[in-house]
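Visitor: I'm new here, and I'd like to know what the words people use for this structure stand on. Could you show it to me and explain?

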Amino acid sequence: MPSLIYAPVFALLVFEMTIFGLLIVPLPYTMKRNLFTFISENPLIAKLQYGMKITFIFILILFIDSVNRVYSVQVELAKTKQSNNSAMLEGSGRMEVQARKFYSQRNMYLCGFTLFLSLILNRTYVMILDTLRLEEKVKRYEGDPKASGKDSDRLANAGGAGEIGKLKNQLAQKDRDIEALKKQSEGLSREYNNLGDQMSNKDSTPKKDR
């Protein structure tokens, strides 16, 4: 049963290693820019990233459990040595405890490396995006016509894909609409006050006798 639980964790670790290898493969600038822009804007990849975050929560729970098991085995070995239990220190008893210790440590290292590599992948992805944006700015300052266009704008907005990015854009749009409504309200209020002042001035003006 434990092997069935940790087999997907090992598969995820291999998948992360493959993704990391693909991220650091040297590619032409245009191809890399289009690739990372597609990754940032694709809603399916955004949902996949959300699912991976939930998966990493379960892996964190497995990591804590494996650390607890390693600690329990260490305590058991220490108590056995202190009690001078020769039956446990020799033969099948010792092999059984050593096997439990080995599997617990293996699971701990497996979960730990999977979590650590997930952080490395996220940071590497962000750093590559920042590097591409800086290269785009340098090309724009140098007057490269390819640096100013739709692809450049898409790269500048990369990283805001998926439901979270859509919600952020919707909130920003609503904030702009609220500001526009405030300005319209202030303008209407000024017009209303000016009209009221004009009407009061007309009423206060004495009529000439005919």
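Guide: Let's start with a yardstick: buried means under 20% relative accessible area, exposed means over 50%, and partly exposed is in between (1.4 Å probe, protein chains only). Bear in mind that this is a predicted model, where local features need pLDDT of at least 70, side-chain atom pairs count only at pLDDT 80 or more, and totals for chains, interfaces and linings use all residues. Residues are numbered from 1 along each chain as its sequence is written, and side-chain values use heavy atoms, with hydrogens and water left out.

Visitor: Why is Asp130 called partly exposed?

Guide: Its relative accessible area is 36%. That falls in between under 20% and over 50%, so "partly exposed" is the right label for Asp130.

Visitor: And what makes Asp130 and Arg133 a salt bridge?

Guide: The term asks for a side-chain nitrogen of Lys or Arg within 4 Å of a carboxyl oxygen of Asp or Glu. Here the closest N and O atoms are 3.3 Å apart, so the pair qualifies. The two residues sit three apart in helix H5 (residues 92-141), about one helical turn.

Visitor: How many salt bridges are there in the whole structure?

Guide: Two. Arg69 and Asp65 also meet in one, at 2.9 Å from N to O. Both lie in helix H3 (residues 43-83), four residues apart.

Visitor: What do you count as a helix?

Guide: Helices are DSSP runs of H or I with at least four residues, strands are runs of E with at least two, and the numbering starts from the N terminus. By that rule the protein has seven helices and zero strands.

Visitor: Why is Leu22 called exposed?

Guide: Leu22 has 55% relative accessibility, and the cut-off is over 50%, so Leu22 counts as exposed. Leu22 belongs to helix H1 (residues 2-23). Together with Val25, Leu27, Met31 and Leu35, Leu22 forms a nonpolar patch on the surface, with about 410 Å² of accessible area together.

Visitor: What makes a patch?

Guide: Its residues have over 30% relative accessible area and no salt bridge; like charges are joined within 9 Å, and nonpolar side chains (Val, Leu, Ile, Met, Phe, Trp, Tyr) within 5 Å. Areas come from the Shrake-Rupley method with a 1.4 Å probe.

Visitor: Which residues gather in the patch of negative charge?

Guide: Asp175, Asp177, Glu179 and Glu186. Asp and Glu count as negative. Asp175 has a relative accessible area of 48%, so it passes the over 30% cut-off for a patch.

How values were computed: The place of a charge is taken as NZ of Lys, CZ of Arg, CG of Asp or CD of Glu.
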